[in-house]
Amino acid sequence: MSHHLSLHIKSNLFQQKRLYHFFINKDLLVTKQKQKHDVSITNNKDEVQLLIDHGFIHLQKTGYYHYLPLGLKVINNITKIIDKEFQKYDPNYTIQKLELCNSSPVKLWQTTSRYPKNKDEVFEFMDLGSKRLLNPTCEEDITNLFKNFYKPNNQDSLPVVLYQNTKKFRNEKRPRFGLKMHLIFFKTMKQKYINIFEKLKLPVTLAKADSGDIGGEESIEFQYINEKGEDTLLSCSSCHTGFNIEKFSGELNEKYHEKTLKDLAFKLCWNLKKDTLIAIYYPKNEILSLTKIEEELGDKLDSESFKLESNQTIIDFVNNQEDLQEYLFNLPIARMIDLRINKRGDLPDWPFKMFSKYQFMNIDKVDLCKHSSNKYDCSECGHEETINVTRSIEIGHIFNLGDRYTNKDNFKVFNKDGASVKMGCYGIGVSRILQILINEKQDSFGCNLPVNVAPYKVNFIIDNYKKDQLDDSLISFIERISENKFEMDYYVDANKDVKQFEKCKISNAIGIPINVLVNGKHTQLPIVEVEIRGDIINNEWARLIEEQIKNKDDFTVLRGKREDNKLPLFKVNYNDIFTVIDILLKCIR
Ligand SMILES: [Zn+2]
């Protein structure tokens, strides 16, 4: 690989280096300079815009993206981490990566009854007279494939883990950025997921979740806590169990029940058929949960009237009825009182003058509000008020499917004991991880990507602004880089349209952990300057370098650590550069 690259660099010294400059928004430089005064700029930026500005993706249309070279490199690096974790030898099962066809015959989906149930959420097309769909998930396909190779006499090769990394197609109302790693297998891979997220430096909370349409016996989500997330995560500070909100069954702590609350809110709305008036009493500082109300009521609500900010529209509608008395006396009213409210306390005046107490249906002591506080008791360990509520992003999901797919008509797969084969399926949102890494790992220099996912490990930044020719020492330097058996991803930035300090800024913004500055104001070959952009985890790096390099006199530390928005910097002889990079990559992350 390095040999091929060296030929390329020799013959085409200037072209290869323009690669990422071509896709990067030049305003990025301005933004980074401005940022010194206004650190909040990146934080407020639209998440997708940040990926676009940094040259990671290109927006084709909302929800549709091209991965640009930098984005693809990061995606590939994330995939490498996942592959490495999955392909660790384990005597207990066989594990293989494969790639399934990205569409399936509709007939296959009919056998598990997921079609036409999910007709609106899949993309369909006709191929030679038969209907196919683009796979949103692959349970049917993998089961079918497995069935083809499964024979009672090859039991010894089980369990088998098959996984793939592919784009998933889902006709979502709000399209999201999606590329999923999908796994199908027989045994839990929870620990592998935990290891992967550790390597990506992404703290995750495991949450008991709802299996949804995929079904099966149980499922666990890997949630990344983030205030912009779409999910609501509940986690117990005592036993550390996490819950998806749909799966949480803990109750509001008793001491908050039936408190007489002066700050009471009163809401009127209709049921879906608009033949019953719903009156809800709850504390003003809580948020009503539509799901909980419908569950307690046993009926659907009319969402238009539920969304109304004031009750006045409904009050006016009722009061304007021609025969008000008759209308009111025939109107069923459901009065729902949240368990935080003491009924003996002061309920607000009923807004209609005429009514009979027989038309009221009372539903009280019910929890009607969202889990917006830590006043809930844990349903797992029973500790009181230990539940924290946060927003989060789902980055992985594992399912124990049981025999949901292997015991269907036309799908029956049995082992020698006559029991149906158990199956699991597992997903990691690779593109969502990219998005989180780019958005979350921001500092005043731009994206601070972990070394193992950064698009390049080292950037050799040449000072050749407005120079048509590189001088001989530079050419031989670049040749040496490319001829050296340098196994890692590196980049040579010799774009003559961009000044060296701007090249550094861009390199820092896209998260390349080590910059080697070649020639420039302060140094000339054979001395180069090295800037450390990655997080230093071993402060002994300078001592280690000094110990191992040959030209010790040329080694000068200019800045040992980050200070005042400046990165650690040192000078070193270029003959030692490969030793230096090896040491640095062990001391930063
Ligand atoms: Zn607990």
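In this predicted model, Leu128 sits in the loop that leads from strand 5 to strand 6, and the phi angle of Leu128 is near 45°, a positive value in a residue other than glycine. Such a value deserves a second look, since most residues other than glycine have a negative phi, and most peptide bonds are trans. Is Leu128 buried or exposed? Leu128 is exposed, because 5 other C-beta atoms lie within 10 Å, and a residue counts as exposed when that number is 12 or fewer.

The two strands on either side of this loop belong to an open sheet of three strands, which has the order 4-6-5 and antiparallel pairing. Strand 4 (103–105) and strand 5 (124–127) are the edge strands, each pairing on one side only, and neighbouring strands of the sheet are turned by 35° against each other on average, when direction is ignored. Strand 4 is joined to strand 6 (residues 130–134) by three bridges, and in strand 6 it is Arg132 that serves as the bridge partner of Pro105.

A second open sheet has six strands, in the order 22-21-23-24-26-25, and its pairing is mixed. Strand 22 (490–493) and strand 25 stand at the edges with a single partner strand each, so one side of each is left without a neighbour in the sheet. On average, neighbouring strands here are turned by 25° against each other, again ignoring direction.

Within this sheet, strand 23 (residues 514–518) and strand 24 pair in the antiparallel sense over four bridges, with Leu517 standing opposite Glu529 in strand 24. The loop between these two strands contains Pro526, and the peptide bond that joins Leu525 and Pro526 is cis, with omega about 10°. Moving one place along the order, strand 24 (residues 527–532) pairs with strand 26 over five bridges, also in the antiparallel sense, and Glu531 stands opposite Leu569 in strand 26. Leu569 is the bridge partner of Arg559 as well, and three bridges join strand 25 (residues 556–559) to strand 26, the two running antiparallel.

In a regular strand the side chains alternate between the two faces of the sheet. Which side chains of strand 26 (residues 569–573) point to the buried face? Phe570 and Val572 point to one face and are buried, while Leu569, Lys571 and Asn573 point to the other and are not.

Helix 14 (residues 472–483) lies across strand 21 (458–462), strand 22 and strand 23, and runs at about 165° to strand 22. In the loop between strand 21 and helix 14 is Lys466, which has a positive phi of about 60° although it is not a glycine. Lys466 counts as exposed, because it has 7 C-beta neighbours inside 10 Å.

Elsewhere, two helices meet. The axes of helix 5 (residues 69–86) and helix 8 (residues 190–199) come within 10 Å and cross at roughly 145°, and the crossing is right-handed. On the helix 5 side, Ile81, Ile82, Glu85 and Phe86 meet Lys192, Asn195, Ile196 and Lys199 in helix 8. The residues of this contact divide into four nonpolar, one polar and three charged.

Finally, the chain as a whole has 17 helices and 26 strands, and buried residues make up 32% of its 589 residues. Among contacts between residues at least 6 apart in sequence, 73% join residues at least 24 apart.

Notes. Residues are numbered from 1 along each chain as its sequence is written. This is a predicted model: local features need pLDDT of at least 70, side-chain atom pairs count only at pLDDT 80 or more; totals for chains, interfaces and linings use all residues. A residue is buried if 20 or more other C-beta atoms lie within 10 Å of its own, exposed if 12 or fewer, and partly exposed in between; C-beta atoms are placed from the backbone. Two strands pair if DSSP finds at least two bridges between them. Axes are lines fitted to C-alpha atoms, for helices over the stretch in contact, and angles run from 0 to 180 degrees between N-to-C directions. A crossing is left-handed if the near helix is turned anticlockwise from the far one by less than a right angle, and right-handed if clockwise. Two residues are in contact if their C-beta atoms, placed from the backbone, lie within 7 Å. Ala, Val, Leu, Ile, Met, Phe, Trp, Tyr, Cys and Pro count as nonpolar, Asp, Glu, Lys and Arg as charged, and the others, Gly among them, as polar.
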